Amino acid sequence: MTSRPAEPDRVRPAEAAVAAESSTATSYAPFAHLTAPNAVLYRQVMRVFLAAKERFAVHLRPEDVHAALPPEHRPADPDAVVKALDSLVGWGNLRADPDTSRVTAVEDFYRKRFIYQLTQAGEAAEQALSAYDEALGRRGALQAVALHDIVTQMRALLVIAAEDEPDPAKAHLALSTLTGRFEALAENARAFMGSLQRTIDLHGVEVEVFLAYKDRLIQYLERFIQDLITLGGRIALLIGELEEQGRIGVLLRLAAVREAADAAPDEAESAEARGQARWAAKWVGLSAWFVSADGRESQARLLRGRALGAIPQLLAVVRQLNERRAGRSDRSADFRALARWFAEAPDDAARHRLWRAAFGLYHARHLSVDADTLADRAARPVAASTSWGEAEPLRISPQLRRTGSYERRGKPRRVQDRSEQRRQLAEIAAKQAEEINAARARLATDGITRLSALGELDPVAFGLFLRLLGDALATWRPGMTTTAATSNDGTMEIRLTALTDGTAAEIRTLGGVFRGPDHLVEIIALTTGTPVREAR
């Protein structure tokens with residue numbers, strides 16, 4: 001008897017055929033192996049094909065896959081790998097083709113020999129999973145170097161824009177580099193602040209590891225904040241210069257035209273318009289990241305505020321951990337100590353006394369059961385089956401029978417009237433608000449003036465002036481002649497310009513005379529009204 005041979009090009013595993021039919025029902029079938037049994041083996045097999053693709057190996061045989069698997073994930077039976085390959089074919093991750101290269105006899109045509117390769121859907125699924133794994137494990141970074149690169153590229157754009165006929169290639173390259181560095185800065189900052197908050201909450205962080213690197217983390221935050229203050233203001237000024245007279249619009253249009261030159265024929269007509277809209281959106285996003293406008297704070301300022309707020313939060317976590325390690329009591333430690341005392345109690349009587357002392361759950365007081373009553377019960381026990389009529393009566397206080405309570409009821413305590421204290425606090429808050437508003441009005445200059453022209457300042461105005469001056473000097477770097485800074489609450493802005501005449505400025509206060517090199521200064525009040533924080 002002879003068996004009917006199967007056609008070589010129709011040889012497919014039954015499981016693969018069934019899975020292939022079901023894979024047409026949804027476009028997400030290549031992700032089905034994630035929830036199937038042996039999901040770990042499927043992932044390792046797909047990684048073998050990705051590694052082979054990087055080596056420009058298109059096809060793999062089952063024995064090649066089995067040999068390339070990591071030892072800890074390699075099945076002892078090679079048939080397990082064949083079954084995994086067939087299942088992945090059914091889900092659409094791989095494609096199986098008959099392997100005719102090793103056929104040496106007629107019988108070889110009747111054997112199931114396949115070579116496998118990645119499908120487009122399978123490769124896309126693995127890329128999506130790789131991006132997912134990378135995003136979960138990403139900690140991010142605060143890239144101060146990216147801020148320097150952004151300044152460099154913006155200066156290059158200014159040079160290109162100043163040319164009579166800007167070079168489209170140079171403009172496109174500078175804009176591509178600028179947006180690339182900016183996107184990396186924004187994405188890494190977002191990831192880092194997320195991981196920093198998880199660190200503050202001690203989610204997935206070992207306490208010993210956190211205590212070991214806390215100092216470096218705080219120094220890292222302080223260094224980035226300093227660079228963000230210095231370079232953020234410089235970038236904002238460069239953005240303003242590029243937006244003057246529509247300079248940046250010309251460069252964005254040149255970049256869009258250069259990209260449209262490589263567009264497909266059916267998209268050539270709309271490619272330039274779409275490219276210009278895309279570049280304009282990127283520039284708007286970059287500008288909004290560094291420049292505040294229309295009552296909206298810039299992302300750089302928000303990032304600075306969050307980074308500044310993270311430092312005291314980290315210190316608070318460190319202080320809390322140190323208190324725990326020093327033996328300071330908390331609720332969980334108290335309950336563990338109480339459980340240990342219960343375990344060490346010699347008998348049930350001692351445990352009952354400990355229970356009453358710990359939780360205050362005493363016997364019913366209206367029955368007048370005291371130490372003498374308990375001693376009498378111990379000397380003459382009464383069975384639980386004894387009726388109330390036959391048992392010895394309990395003596396109840398006449399006061400309890402008459403009033404239902406041992407204590408005399410008096411008048412309730414009068415509610416203390418605190419309206420006077422509230423009035424005094426409101427007066428103090430209003431006075432502080434008036435003083436701060438007066439100080440801001442006193443410091444606000446009508447245009448540019450000299451420090452020496454500020455005259456005498458009262459203590460509140462002088463304190464506000466010192467904070468503004470400190471914010472401005474914090475952004476000063478060697479070689480700079482002018483700088484600008486905004487107060488932490490966003491209500492005042494100071495612009496400082498150095499003078500070369502060597503004159504000195506004196507500002508008199510009730511506490512003495514403040515002396516220093518004279519500068520040109522302009523102080524602007526950005527808001528009006530009473531600030532709640534300052535008035536508190």
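This is a tour of one structure, stop by stop, with residues to select at each.

The model is predicted, so local features need pLDDT of at least 70 and side-chain atom pairs count only at pLDDT 80 or more, while totals for chains, interfaces and linings use all residues. Residues are numbered from 1 along each chain as its sequence is written, and side-chain values use heavy atoms, with hydrogens and water left out.

**Stop 1: the largest nonpolar core**

Select M154, L221, W283 and F290, the residues with the most contacts inside the largest nonpolar core, which has 47 residues. A nonpolar core here is a set of buried Ala, Val, Leu, Ile, Met, Phe, Trp, Tyr and Cys residues joined through side-chain atoms within 4.5 Å. Buried means under 20% relative accessible area, exposed means over 50%, and partly exposed lies in between (1.4 Å probe, protein chains only). In soluble globular proteins, nonpolar side chains tend to be buried together.

Next, colour the helices α6, α7, α8, α9 (247–260), α10 and α11, each of which supplies at least two residues of the largest core. Helices (H or I, at least four residues) and strands (E, at least two) are DSSP runs, numbered from the N terminus. Which helix gives the largest share of this core? It is α8, with 11 residues.

Now centre on L221. Not counting residues up to four places away in sequence, L221 touches L142, F192, L196, A307, A310, I311 and L314; contact means heavy atoms within 4.5 Å. Apart from the largest core lies another, of 23 residues, and L94, A96, F114 and Y116 are among them.

**Stop 2: a cavity between helices**

The structure holds 2 cavities of 30 Å³ or more. On a 1 Å grid over the protein atoms alone, a cavity is a set of points where a 1.4 Å probe fits but cannot get out, and a pocket is an open set with protein on both sides within 12 Å along at least five of seven lines; lining residues have an atom within 4 Å of a point. Grid points are joined across faces, edges and corners, and a volume is the space filled by probe spheres set on the points.

Select L175, L178, T179, L252, W279, K282, W283 and L286, which line the second largest cavity. Its volume is about 30 Å³. Two elements, α7 (168–200) and α10 (268–290), give two or more residues to this lining, and α10 provides the largest share, 4 residues. By type, the lining of this cavity has 6 nonpolar residues, 1 polar and 1 charged. In this count Ala, Val, Leu, Ile, Met, Phe, Trp, Tyr, Cys and Pro are nonpolar, Asp, Glu, Lys and Arg are charged, and the others, Gly among them, are polar.

**Stop 3: the largest pocket**

How much space lies in the largest pocket? The value is about 1200 Å³. To find the pocket, select G232, G233, A236, A484 and T486, the closest to its centre of the 37 residues that line it. Then show α6 (144–161), α8 (207–243), α11 (299–325), α17 (459–474), β4 (482–486) and β5 (492–498), the elements that give two or more residues to the lining. The largest share, 10 residues, comes from α8. The lining of the largest pocket divides into 15 nonpolar, 11 polar and 11 charged residues.

**Stop 4: L469**

Move to L469 in helix α17. L469 is buried, with a relative accessible area of 10%. Leaving aside neighbours within four places in sequence, L469 is in contact with I494, L496 and F514. Add V521: 52 residues separate L469 and V521 along the chain, and their C-alpha atoms are 9.8 Å apart.

**Stop 5: salt bridges**

The structure holds 14 salt bridges, each a side-chain nitrogen of Lys or Arg within 4 Å of a carboxyl oxygen of Asp or Glu.

Select R450 and D518, whose closest N and O atoms are 3.0 Å apart in a salt bridge. R450 lies in strand β3 (residues 449–450) and D518 in the loop between β7 (512–517) and β8 (519–525), so the pair ties together parts that are 68 residues apart in sequence. Are these residues buried or exposed? D518 is buried, at 3% relative accessible area, and R450 is partly exposed, at 33%.

Then select R508 and E506, a salt bridge with the closest N and O atoms 3.7 Å apart. R508 is partly exposed at 46% relative accessibility, as is E506 at 36%. Elsewhere, salt bridges that share partners join E420, R423 and E427 into one network.

End on R423 and E427, whose closest N and O atoms are 2.2 Å apart. The two are 4 residues apart in helix α16 (residues 419–443), which means that about one helical turn separates them. R423 is partly exposed at 37%, and E427 is partly exposed at 44%.
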